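Student: Got a minute to walk through a structure with me? I'd like to go through it piece by piece.

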Amino acid sequence: MSTTETGNSSTTESAVSGLDYEETQLTLAASGASRSELERKRGFSEGVDLSLETKDFLSGSSDEAPISGAGEPSAAKAQVVGWPPVRSFRRNVLKSCTYVKVAVDGTPYLRKVDLEAHAGYQQLLTALEEMFSCFTARNYPNERLVDPVNGTEYVPTYEDKDGDWMLIGDVPWKVRSSSNFTGNIKGFGSHVEAINKEELEGAISTIHGKHHSTENNLDVCRFMQTASLMKSSEAVDLAPRTPTGCITAR
Amino acid sequence: MTYFPEEVVEHIFDFLGSHRDRNAVSTVCKAWYHVERFSRRNVFVGNCYAIRPERVMARFPGMKSLSVKGKPHFADYNLVPYDWGGFALPWINAAVRRCPGLEDLRLKRMVVTDDDLDLLARSFPNFRSLVLVSCEGFSTDGLAAIATYCRGLRELDLQENEVEDHGRQWLSCFHESCTSLVSLNFACLKGEVNAGVLERLVARCPNLRSLKLNRAVSVESLNEIVARAPYLVDLGTGSFAVDHHTDAYQRLMNSFSKCKSLSSLSGFWEASPHCLDAVYPVCINLTVLNMSYAPAIQADDLIKLISLCFKLQKLWVLDCIGDKGLAVVASTCKELQELRVFPSDIYGAGATSVTEEGLVAISSGCPKLNSLLYFCYQMTNAALITVAKNCPHFTRFRLCILDPWKPDPVTNQPLDEGFGAIVRSCKNLRRLSLSGLLTDQVFLYIGLYAKCLEMLSIAFAGDSDKGMVYILKGCKNLRKLEIRDCPFGDIALLNDVAKYETMRSLWMSSCDVTLGGCKALAAKMPRLNVEIINESEGSDKLEENISDLHKAEKMYVYRTVAGPRNDAPDFVWTL
């Protein structure tokens, strides 16, 4: 009988203990990558080399409060062939979906955002503002969402495929039309390097591609799995952004 | 009745709707066989390899409408290799030679090429309707041939096919004089179509009642179309990506409010929250709603929409509707007969989905429910027992708990009792799919109670051969049995070999049947094709030295009067 790992992926704090410091460092590369690639996770002005190794697909994190600073990857879910019993056609429709769940730190809100529908960070922030309409955005260089009640500032962050929490704005924004792009992990890296930094508006790369048969390409489509509006006090531990070239919409 | 003239007998047979009834009367006596075969117009072939096409057409020379199915059902879930078979060509060829009056063709899970479609299009002057479901092997070039040569085409219905996109000209191939379309469904196509051509086609087909657009059709185009076809009954909206602040949105809402006949809606491929308001005017008349391809629609929007749909009979949604949403369905949709809840997050552990609560709510609110497909992360015996009590009319009950072997989370018990309650209560159950942690006990119940059961799908269940034996012994009307990842072996397989001739097919994959067991079955039953699909590398031929103890990874057994098929690829061994 074929076996399958079916445990749910809950990235709870208890799983973090037992990992040494090196493993919990934020890295863009897979866990086994060298330290020298850490430097590359800074802003695009140095040219971001996202030479991500293909990795077992990370299941979505739970929708509870995000983990700040924990770099430990979510449990990879072994995929059983033909399970769940969903027709290929339907699977492909869901795969090409560029929707991302967005939650506000400390609240039960959970909404979905279609990254494809926004041309850049400004628009994304506007959309987020509309969704979480109790917040307003302050218009100054380090734009953040503010809770008018208690003045707490919120910054948009996201969890990348390694399970690291990143500030939105670190990686170039580029939306590809699905008819042109045949994405895979290597392609992702080279696209980013080819981008002229003057063209860039913001820092998230989004990729959505046509259906591919391997799970690895699926990683790319789900690069931005979950976003969260994190309290800026908690976001302090995250990798700092370089201000040059980044639009103020974070 | 043998004293009646044939015309009278034939007239009486006209009242027999189903294939089964006609099959039954044709076995009564030679006279009736004779009358029946000449008067049959609709022919259904459930397994394209069970009989040769020529023999079908020889028996039914008056055939006008043909429906054929190819690959086994588990091909839908990628368990059957691409070039396994199920080719449409032999059927089209035979019809060309013997049934030139063919009007309707329906193919499911078959391989259809552009050449096949071209031959079809040119060969049948009265051709009216082509329905392709889960087929592959063709491109938009084949569709262009159909559009070009089938003058008088009424229906082109493409459901969930894999179609290669060779450009957007196929729609232009419908001649200006083609005004006969009643139903056009190209929702599964990936490529663009020329908006102007589409709008003109719709405008000149006054009988168009069903139109399903693909994702590439914009909202602007949809607006033009709806404005020109206010008599549509069934609409697939295409993209539906629209900003609800714009004029385009207002126009769309106006157009929808004029559609008094619209009763079925689907599509919404790129719909975003808030833009569903445009369809509120038609909700009151909706009997069918399919939102299962709209992942961005949140539960709140679904709830607002569904709470207006009092007449809904069929609902397909994603599990982001949540238990709360299902409670709204239960309180609003009292006419509901069919519900399908699909998983929206197959690749992760979705937190927002449905549980047993949603299902219980539906069962208590919707007394007419008879067909269910439900994907969830957990289910309890108590819930299933309640559902069984509330809904004794189920004919189709398919439950998929996404984690294999998952027990009742409250009691940690297998779900035997829950499913047992379902089969005991639902005396008309024809189709059942099981999931979760299950022992042989559930199969004992099914064998005991599910007397009408025709199709059973089992995965990751059972303890021993006894389970399968209970099924084969008890389910008298079983036609299709498909099993994956269960501990059933040769003893179960060979327990009652004659049984398989009363069934259409048996599929077993990742079970414990061995090559030797399959060979024994094949030897005993010459009118069964016992096929092994062997996907391991380097073994293209049935090697003499592969031990009979070797497990048969994938086995497909079906009754046939056509003998072993001659189009099997190398990796399929017919024993």
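Student: Okay, how many bridges join strand S13 of chain B to S14(B), and do they run parallel or antiparallel?

Tutor: Keep in mind that this is a predicted model. There are 5 bridges between S13 (residues 314–318) and S14(B), and the two strands run parallel. As one pairing, B:Lys314 stands opposite B:Glu338 in S14(B).

Student: Is S14(B) mostly covered or mostly open?

Tutor: Mostly covered: 5 of the 5 residues in S14 (residues 338–342) of chain B are buried.

Student: Which residues point which way from S14(B)?

Tutor: B:Glu338, B:Arg340 and B:Phe342 go one way, while B:Leu339 and B:Val341 go the other, and all are buried.

Student: An arginine in there, hm. What does the side chain of B:Arg340 make a polar contact with?

Tutor: With the side chain of B:Glu338, at 3.0 Å. Setting aside residues up to four places away in sequence, B:Arg340 also touches B:Leu315, B:Trp316, B:Val317, B:Leu373 and B:Arg398.

Student: Switching to helices. Is H7 of chain B enclosed or open?

Tutor: Largely enclosed by the rest of the structure, since 7 of the 10 residues in H7 (residues 140–149) are buried. Those are B:Thr140, B:Gly142, B:Leu143, B:Ala144, B:Ala145, B:Ile146 and B:Ala147.

Student: What do the buried residues of H7(B) pack against?

Tutor: One helix, H6 (114–123), plus strands S4 (129–133), S5 (136–139), S6 (155–159) and S7 (162–164), all in chain B.

Student: And which residue caps the N-terminal end of H7(B)?

Tutor: B:Ser139 does that, with a side-chain oxygen 3.0 Å from the backbone nitrogen of B:Asp141.

Student: How are H6(B) and H7(B) oriented, then?

Tutor: Their axes come within 8 Å and cross at roughly 5°. That angle makes H6(B) roughly parallel to H7(B). On the H6(B) side the contact uses B:Asp114, B:Leu117, B:Asp118, B:Leu120, B:Ala121 and B:Arg122, and on the H7(B) side B:Asp141, B:Gly142, B:Leu143, B:Ala145, B:Ile146 and B:Tyr149. By class, that's 7 nonpolar, 1 polar and 4 charged residues.

Student: B:Leu119 isn't on that list. What is B:Leu119 in contact with?

Tutor: Leaving out neighbours within four places in sequence, B:Leu119 contacts B:Leu89, B:Ile92, B:Asn93 and B:Val96. This leucine is in H6 of chain B, and at 27% relative accessibility B:Leu119 counts as partly exposed. C-alpha to C-alpha, B:Leu119 is 9.2 Å from B:Ile146, with their positions 27 residues apart in sequence.

Student: Now H15(B) and H16(B). At what angle do their axes cross?

Tutor: Roughly 5°, with the axes of H15 (residues 381–390) and H16 (residues 416–425) coming within 7 Å. H15(B) and H16(B) are therefore roughly parallel to each other. Among the residues making the contact are B:Leu384 and B:Ile385 from H15(B) and B:Phe419 and B:Ile422 from H16(B). The class breakdown is 7 nonpolar, 3 polar and 3 charged.

Student: Any lysine worth a look? What does the side chain of B:Lys519 pair with in a polar contact?

Tutor: The side chain of B:Asp548, at 2.9 Å. B:Lys519 lies in H20 (residues 515–524) of chain B and is partly exposed, with a relative accessible area of 32%. Apart from neighbours within four places in sequence, B:Lys519 is in contact with B:Asp548 and B:Leu575.

Student: Backbone oddities next. What is the phi of B:Phe460?

Tutor: Positive, about 50°, although B:Phe460 isn't a glycine. Most residues other than glycine have a negative phi. B:Phe460 sits in the loop between strand S18 (455–459) and helix H18 (465–474) of chain B, and is buried at 2% relative accessible area.

Student: Then B:Ser510: buried or exposed?

Tutor: Buried, with a relative accessible area of 16%. B:Ser510 also has a positive phi, about 55°, and its place is in the loop between strand S20 (505–509) and H20 of chain B.

Student: Last one: which residues does the cis peptide bond in chain A join?

Tutor: A:Trp83 and A:Pro84, with omega about -5°. A:Pro84 is in the loop between helix H2 (21–24) and helix H3 (88–95) of chain A.

Technical notes. Residues are numbered from 1 along each chain as its sequence is written. Chains are lettered from A and ligands numbered from 1 in the order in which they are written. This is a predicted model: local features need pLDDT of at least 70, side-chain atom pairs count only at pLDDT 80 or more; totals for chains, interfaces and linings use all residues. Side-chain values use heavy atoms; hydrogens and water are left out. Axes are lines fitted to C-alpha atoms, for helices over the stretch in contact, and angles run from 0 to 180 degrees between N-to-C directions. Helices (H or I, at least four residues) and strands (E, at least two) are DSSP runs, numbered from the N terminus. Angles under 35 degrees count as roughly parallel, over 145 as roughly antiparallel, 65 to 115 as roughly perpendicular and the rest as oblique. Contact means heavy atoms within 4.5 Å. Ala, Val, Leu, Ile, Met, Phe, Trp, Tyr, Cys and Pro count as nonpolar, Asp, Glu, Lys and Arg as charged, and the others, Gly among them, as polar. Buried means under 20% relative accessible area, exposed over 50%, partly exposed in between (1.4 Å probe, protein chains only). A polar contact is a pair of N or O atoms within 3.5 Å; within protein, one must be able to donate a hydrogen and the other to accept it, and residues adjacent in sequence count only if both atoms are side-chain atoms. Two strands pair if DSSP finds at least two bridges between them.
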